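Welcome, and thanks for taking a look at this fold with us. Here is a short tour of its sheet, two of its helices and one asparagine.

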Amino acid sequence: MKKKLGIFFYFLLIFIKSQSPKLERDISILEVRYNFSYITDTLNIESVVSEPMILLANSNKSVYYSENYKAFSDGFKKQLETAIKTGSIVEPGKLLQSKVRHCVYKDNDSIYISNHLGNDFYTFRTENIHWKIDNLITKVIQGYKCTKAVAKVGKRIYIAWFTHEIPVNDGPYKFKGLPGLILEVSDEKKYFNFEFLSITKTNLPIEYKKGLLITQAQYIEKRKEYINDPSQGKINTPEYRKRIEKNKKKFNNFLE
């Protein structure tokens with residue numbers, strides 16, 4: 001089955017490149033599922049959050065998002081439509097909840113990361129990653145022979161495993177730029193881990209909604225402001241400040 005998928009993606013890429021630019025840029029040829037896990041508190045290795053993620057990609061373009069967040073959004077939209085028609089109550093608390101709110105859009109060399117800060121939704125462009133490939137180190141992930149690559153991203157060193165058997169220059173989150181699909185990537189300390197779950201052929205649309213476009217530095221500054229005061233000035237009691245300081249200590253680890 002794995003060999004058939006590899007052959008399928010190879011010939012599909014050739015076919016897509018012969019078609020119109022619109023088809024190439026708007027329709028996915030594969031859906032890759034990853035498990036994203038990360039430690040929220042670097043002083044507590046048991047503070048692990050885990051969530052399934054989806055990558056829809058073709059040879060040039062992709063979108064990456066939380067499977068749970070997509071289910072929540074679809075469920076909320078359905079509840080809202082039903083409420084309008086029947087007068088029923090919208091109950092988002094009954095829907096599948098997501099702890100991962102970021103999504104990533106890639107278009108050739110342009111990479112955009114979007115995230116929620118309270119009720120605000122921001123998007124910033126991030127730089128491409130420069131990898132060092134070690135062709136002498138390989139391992140097999142679910143039947144795919146993978147090659148090791150290493151890159152420094154910000155202050156962290158990331159180790160990725162990619163396969164030439166699926167000739168798609170992409171991977172989870174903002175990770176791309178290797179001659180094959182990235183199946184696994186994590187930082188050296190294992191604070192952030194992206195693990196391959198499955199891959200299927202598909203022709204789903206690659207859709208992406210951008211937030212307010214700001215720089216990455218501006219986003220980080222706005223995140224600090226939000227963490228220091230999630231209520232945005234609406235609450236300022238001793239109990240509230242105590243809770244905020246406690247949360248700042250418990251949630252101190254960020255991808256960006």
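Helix H4 (residues 216–228) is a good place to start in this predicted model. H4 lies across strand E5 (110–117), strand E6 (120–126) and E12, and runs at about 145° to E6.

Those strands belong to an open sheet of 12 strands with mixed pairing, in the order E7-E8-E9-E10-E11-E1-E2-E3-E4-E5-E6-E12. Its edges are strand E7 (132–141) and strand E12 (212–214), each of which pairs on one side only. From one strand to the next, the twist averages 25°. At the E7 edge, E7 and strand E8 (residues 144–153) run antiparallel and are joined by 7 bridges. If you would like a landmark there, find Lys139, which stands opposite Cys146 in E8.

Next, please turn to helix H3. Its 20 residues (67–86) should span 28 Å at 1.5 Å a residue, and this agrees with its end C-alpha atoms, which are 28 Å apart. Which residues of H3 are buried? They are Asn68, Gly75, Gln79 and Ala83. These buried residues cover an arc of only 75° around the axis, so they sit on the same side of H3. Strand E2 (48–57) and strand E3 (61–66) are included in what covers them. On the other side of H3, the exposed residues are Lys77, Lys78, Ile84 and Lys85.

Both ends of H3 deserve a glance. At the N-terminal end, Ser66 acts as a cap, with a side-chain oxygen 3.2 Å from the backbone nitrogen of Asn68. After H3 comes Gly87, which has a positive phi, near 80°.

The last stop is Asn253, in the segment after helix H5 (238–250). Is Asn253 buried or exposed? Its relative accessibility is 8%, and because buried means under 20%, Asn253 counts as buried. Leaving aside residues up to four places away in sequence, Asn253 touches Ile39, Thr40, Thr42, Arg156, Tyr191 and Phe192. Among these neighbours, Ile39 and Arg156 also appear in the table, which lists polar distances for Asn253 together with the cap of H3.

| Atoms or groups on one side | Partner | Distance |
|---|---|---|
| Asn253, polar side-chain atom | Ile39, backbone oxygen | 2.8 Å |
| Asn253, side chain | Arg156, side chain | 3.0 Å |
| Ser66, side-chain oxygen | Asn68, backbone nitrogen | 3.2 Å |

So where does the side chain of Asn253 make its polar contact with another side chain? That contact, of 3.0 Å, is with the side chain of Arg156.

Conventions. Residues numbered from 1 in each chain as written. Predicted model: local features only at pLDDT ≥ 70, side-chain atom pairs only at ≥ 80, totals over all residues. Heavy atoms only, no water. Helix = DSSP H or I, 4+ residues; strand = E, 2+ residues; numbered from the N terminus. Expected span 1.5 Å × (residues − 1). Buried < 20%, exposed > 50% of the residue type's maximum accessible area, 1.4 Å probe, protein only. Arc of directions from axis to C-beta. Contact = heavy atoms within 4.5 Å. Polar contact = N/O pair within 3.5 Å; in protein donor to acceptor, adjacent residues only side chain to side chain. Pairing = 2+ DSSP bridges. Axes fitted to C-alpha atoms, helices over the stretch in contact; angles between N-to-C directions.
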